[in-house]
Amino acid sequence: MTANSDGSCLETTSTKLLLESIMDIIQEPLIVLDANLRVITFNDSFLNYFNVDPSDTVGNLIYDLNNGEWDTPDLRRLLKDILPESSLIRNYELNHIFENGTPKTLNLNIQKFECEDQKPMILISIMDIPKHKKTEEKLQANEKRSQTVQENSLDGFKILKPVYDDQGEIIDFSYIYQNTQATKNNGLKSEEIIGLHMGELWPTFPKTNFFNMYKKAVNTQKVVKFEDHYSSDRIDDWFYVTVTPIPDGIAISTQIVTAHKKAQEKLVESEEKLKTLFENLSVGISVIDHERKVIYENPALEKILGLSETELKLGKYAERKYYNSDYAEIPISELPSSLAFDKLTPIKDVEVGVLIDNNNMIWTNVSAIPLAFPDWKMLLVTYDITKRKKVEEQLKESYERFNLAQKVSNIGTFEWNIQTGVNIWTPELEAMYGLKEGEFSGTQEAWEELIHPDDMQKAINGVDIALKTGEPTESEFRVKWADGSVHWLMGRWQVIRGDDGELLKLIGINVDITALKEYESKQQHLLENEKKLTSKLHISNQELEKVNIELIHQQNVQNKLIKSWRFPIRNWNSLHMLQATTSRNH
């Protein structure tokens, strides 16, 4: 929702309700300032993106937001030197490091304008360049949205300064400023009354309740709202008045609420202006009545849905099929417009797929905002996100293929954020360390504790080398599971650095190589056994060779003996000598 200061020309009128609805669904941060650079209003996107406190924002200088983090030389130069020379500034880049230390490059589009009550205002549209690349159509849409602020206000606005007597009592107020709408209300031109006292222009003013309420706002320094009838000094009208204390005075927003017919006419006029705005938006806009029929749609919606004005009013859109982001069909009763009708609450940013024909599906982002007008009961805003959806689906398919590859290849991945110390593991990686999915505590120290004590220093050294050199590094190490079993892993990792060379992340993979290590161990064991067997065979061959030599020697001796029996034995002494020789050889 938007937040408004009480001095804003957005304070009242039924038009304001519709404007707030539109501002709330604009995705870019918006902030509106008064002529003194004080915050009048902002949308939820500004509140959430810059994390500001609403209570410390409205009415304060833009330079004071978030303890002064918006107080930059570039912004001051832009608002004080450049803006006064030009009512419109497009695509101004502002580089700044915010309080949390985050550098941002912001693209500012600034429009200086006056509401119908001629109160000067400055609308600033902010875009974070690194996160968003806006198309020309969206820029034009933002410009159109910003114009609604100046086109649809019916409030008169003036600034008064209290006049004191010698005792310090307020006796009158002098004119400092009044806008065009206020000029229309009182019939006096601004240049004719600036510096004059209210009592000089309106003699009965100091005796009215208006004067008392103005004094109350000054004395209490609180916003005062009241409705009263002024029937003197050529004026005969009822007014709804908001008095806001400001430095050295009060800001007064007034709205004439006299004639119901005139109010109705102004409402119709405002609706026509809004329709003109809608006609030129690239975003699809439609309005639904109490019978849940389309009573207005802009050309952008016709183009998005591929339906003519007549087809939309005849309800042809109900003949189509609708799907959620999971491709489940959505009944008509559960579409955002139906839910917003039934619950009487805004339904925002719902992705809806629309089946145009059997072969064509478009994707939309739909917001449904209930309205409190007599004939306008629902505002529907439709963005065409077909291109974005296709990109998201392609990314999803790529991610699913990557996950499948991890499971099939038995690969686990990790991402260690060096800045925060958080180490994120995939379920596959947790399984390699004997952990259940989600059991890893997510720190580098927890990883070190899972490594086998004998290999811990080796693994840590591998990480240190990657951090120092920035080169891809790998290491083999063992991990010990809770059940006591030991497993071998091979890790490969690399450092990711920022543009300034600062270490940001260490990303990498682990592969379970336990089976490979077991195979290598068995192979080594077989080789060692083969060596032992070869050695034993060599020794056996040497022994066999010795035996063979001995056998040959014995055979030779026996041959000699046999040969000696073939000749006459001359005497027994020769036989005895031969036996003795044989005995010695054995």
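A residue counts as buried under 20% relative accessible area, as exposed over 50%, and as partly exposed in between. Keep those cut-offs in hand as you look over this predicted model. Two residues, Ile507 and Ala515, show how they work: Ile507 is partly exposed, whereas Ala515 is exposed.

**Ile507 and its surface patch**
- Ile507 sits in strand β23, which covers residues 503-512.
- Because its relative accessibility is 33%, Ile507 falls into the partly exposed class.
- Together with Ile496 and Leu504, Ile507 makes a nonpolar patch of about 200 Å² on the surface.

**Ala515 and Trp488**
- Ala515 belongs to helix α18, which spans residues 514-564.
- With a relative accessible area of 57%, Ala515 is exposed.
- From C-alpha to C-alpha, Ala515 and Trp488 are 8.3 Å apart in space, with their positions 27 residues apart in sequence.

**A seven-strand sheet**
- Seven strands form an open sheet with antiparallel pairing, and their order is β13-β12-β18-β17-β16-β14-β15.
- At the edges are β13 (294-297) and β15 (329-330), each of which pairs on one side only.
- In general, the strands of a sheet pair through backbone hydrogen bonds, either parallel or antiparallel.

**Zooming in on β17 and β18**
- Strand β17 (residues 360-370) and strand β18 (residues 378-384) run antiparallel and are joined by seven bridges.
- If you would like a pair to find on screen, take Val366, whose bridge partner in β18 is Thr382.

Technical notes
Residues numbered from 1 in each chain as written. Predicted model: local features only at pLDDT ≥ 70, side-chain atom pairs only at ≥ 80, totals over all residues. Heavy atoms only, no water. Patch = residues over 30% accessible without salt bridge, like charges linked within 9 Å, V, L, I, M, F, W, Y side chains within 5 Å. Areas by Shrake-Rupley, 256 points an atom, 1.4 Å probe, with all protein chains shown as cover. Salt bridge = Lys/Arg side-chain N within 4 Å of Asp/Glu carboxyl O. Helix = DSSP H or I, 4+ residues; strand = E, 2+ residues; numbered from the N terminus. Buried < 20%, exposed > 50% of the residue type's maximum accessible area, 1.4 Å probe, protein only. Pairing = 2+ DSSP bridges.
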